[in-house]
Each structure stands twice: as C-alpha cells, then as structure tokens.
Amino acid sequence: MLIRPATAADLPALQDIERAAGEPFRALGMAAIADDEPFTVEELDRFRRAGLAWTAVDDDGAPVAYVIADPLPDAPALHIEQVSVHPRAARRGVGRALIEHVARRARARDVAALTLTTFADVPWNAPYYARLGFRPLADADLTPALRGIRAHEAELGLDRWPRLCMRRDLAEDKDEDKDEGSVTPRTAP
C-alpha cells in the first residue's frame, strides 16, 4: 500500500471513498451521516494545494482511502478534518497507516499534536482513535478554534449523536515510526 499526496485527478475518487465509508453508519440508525455529501472537489483541492491531503492507493494506483488535515490557528496542532477508508480496504490498517503518516509529517514540522472530532459511541470512531493514542478533551481544554469547529458541526446537525474532540500529543509517541497495522505503508513525498 502506497501513501502519497493526493492529486487533482484523485479528488472525485476521494468523494466516492467518503460516500462508501459513510454507508456503515446507516446500520447504526445514523442515515443522515450516510446520506451526507462529502467535501466538494473545491474544498478537497484547498487541502491538496496546501500539501495536507494524502491518499492510500492500491497496487493499481487507485485511491482506497484518504486523510485531510488543517493546522489549528491557535495551537501547534494539526487537525484531522477527515479520514475515510473504502469498505473494500477496511480492517487492514489503512486508516492507521494514514494517521501515522500525518503524525510523521506533523512531527517533522515540529507540530506538537494531532486533533480531531468524532462520534463518541461509534466503534470505528472514538474507541478506534483511542487505540491510536488519541484522548478525549474536556470542554474546558478546547481551544477557540476547536470550539469553532464543534459549533460548526452542531450547526450541521452532527450533535444529534454524542461527539467529542480528541487529541494525540506527538511528543509522547514513544516510537515515531511504529506501524502496528497489517499494512506496510510506502510513502511518497
């Protein structure tokens, strides 16, 4: 599995990945999440042009997963905006490999932490991220930028289900190049 920067040609495939990755929410009674439209090509392109969009591709070079991130303006942290894995590539460590790729990139830029927002009770959300070293943040620990992200999510109706912010402190990572998944990622610049 190769992880590489997303290209402009990849962007429609990333939308398809997000749609497919949303389908399992339907079985949890979260049809609104499954039906939610992915980021637009223009929005994805903003991350791509900033160098903050990566994709995992199969042996044929087709994207099967992606991650996009954004620096938080008020903290030395990179906020994971979206990580999606196509169901045909799920449960093989691809999501973990993408997050580890972002963590390595962040550490190389002296970024102290990764943050994300997620559903508290969805098994492949908060419990999964906890296994990857993220910890829940109390409301009092949210920066103004994270509060703004949460407020925007509430406006979108995501608070119909319990959500939380999580943080992974990169300085606490003991083995920066650890790969615990079944995927052996190769990375391209």
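Which residues do ring pairs link into a cluster? The legends below, which describe a predicted model, begin with this point.

**Figure 1. Aromatic rings form a cluster and further pairs in the predicted model.** Phe25, Phe119, Trp124 and Trp161 are linked into a cluster by ring pairs. In the whole structure there are six aromatic pairs. One of them joins Tyr128 and Tyr129: the ring centres are 5.4 Å apart and the planes stand at 70°, so this pair is edge-to-face. Both Tyr128 and Tyr129 are buried. A pair of aromatic rings is described in two terms, the distance of the centres and the angle of the planes.

**Figure 2. Two arginine residues lie over phenylalanine rings.** Phe119, a member of the cluster in Figure 1, has the charged end of Arg163 over its ring, 4.4 Å from the centre. In the second example, Arg46 lies over the face of Phe47, and the distance to the ring centre is 4.3 Å.

**Figure 3. Helix H6 has its buried residues on one side.** Helix H6 consists of the 12 residues 144-155. At 1.5 Å a residue, a helix of this length should span 16 Å, and the end C-alpha atoms of H6 are indeed 16 Å apart, so the two values agree. Ala145, Leu146, Ile149, Arg150 and Glu153 are the buried residues of H6. These residues lie on the same side of the helix because they cover an arc of only 140° around its axis. Pro144 and Glu155, on the other side of H6, are exposed. Among the elements that cover the buried residues of H6 are strand E4 (77-85), strand E5 (113-119) and strand E7 (163-169).

**Figure 4. Residues before and after helix H6.** Thr143 belongs to the loop between strand E6 (135-136) and H6. Its relative accessibility is 18%, and it counts as buried because the cut-off is under 20%. Apart from residues up to four places away in sequence, Thr143 touches Asp74 and Ala75. Just after H6, Gly157 takes a positive phi of about 90°.

**Figure 5. Asp10 is a buried residue in a loop.** The loop that holds Asp10 runs between strand E1 (2-5) and helix H1 (11-22). With a relative accessible area of 7%, Asp10 is buried. A polar atom of the Asp10 side chain lies 2.8 Å from the backbone nitrogen of Thr7. If neighbours within four places in sequence are left aside, Asp10 is in contact with Arg4, Pro5, Thr55 and Pro63.

**Figure 6. Helix H1 and the elements that cover its buried residues.** The 12 residues of H1 reach 17 Å from the first C-alpha to the last, close to the 16 Å expected at 1.5 Å a residue. The buried residues of this helix are Leu11, Leu14, Gln15, Ile17, Glu18, Ala20, Ala21 and Gly22. What covers them includes three strands and two helices: strand E2 (53-57), strand E3 (63-71), E4, helix H2 (31-35) and H3.

**Figure 7. Leu44 of helix H3 touches residues of several parts of the chain.** Leu44 lies in helix H3, which is made of residues 41-49. A relative accessible area of 1% makes Leu44 buried. Not counting residues up to four places away in sequence, Leu44 touches Leu11, Leu14, Gln15, Phe39, Tyr66 and Ile68. Three of these contact residues, Leu11, Leu14 and Gln15, are also buried residues of H1. Leu44 and Ile68 are 24 residues apart along the chain, and their C-alpha atoms are separated by 8.0 Å.

**Figure 8. Two exposed loop residues have a positive phi.** Most residues other than glycine have a negative phi. Arg91, however, has a positive phi near 65°. Arg91 is placed in the loop between E4 and helix H4 (94-108), and with a relative accessible area of 86% this residue is exposed. Asp110 also has a positive phi, near 60°. The loop that contains Asp110 lies between H4 and E5. Asp110 has a relative accessible area of 71% and is therefore exposed.

Conventions:
Residues are numbered from 1 along each chain as its sequence is written. This is a predicted model: local features need pLDDT of at least 70, side-chain atom pairs count only at pLDDT 80 or more; totals for chains, interfaces and linings use all residues. Side-chain values use heavy atoms; hydrogens and water are left out. Helices (H or I, at least four residues) and strands (E, at least two) are DSSP runs, numbered from the N terminus. The expected span of a helix is 1.5 Å times one less than its number of residues. Buried means under 20% relative accessible area, exposed over 50%, partly exposed in between (1.4 Å probe, protein chains only). The arc is that of the directions from the helix axis to the C-beta atoms. Contact means heavy atoms within 4.5 Å. A polar contact is a pair of N or O atoms within 3.5 Å; within protein, one must be able to donate a hydrogen and the other to accept it, and residues adjacent in sequence count only if both atoms are side-chain atoms. Rings of Phe, Tyr and Trp (its six-membered ring) pair if their centres lie within 6.5 Å; planes under 30 degrees apart count as stacked, over 60 as edge-to-face and the rest as tilted. A charge sits over a ring if NZ of Lys or CZ of Arg is within 6 Å of the ring centre and within 35 degrees of the ring normal.
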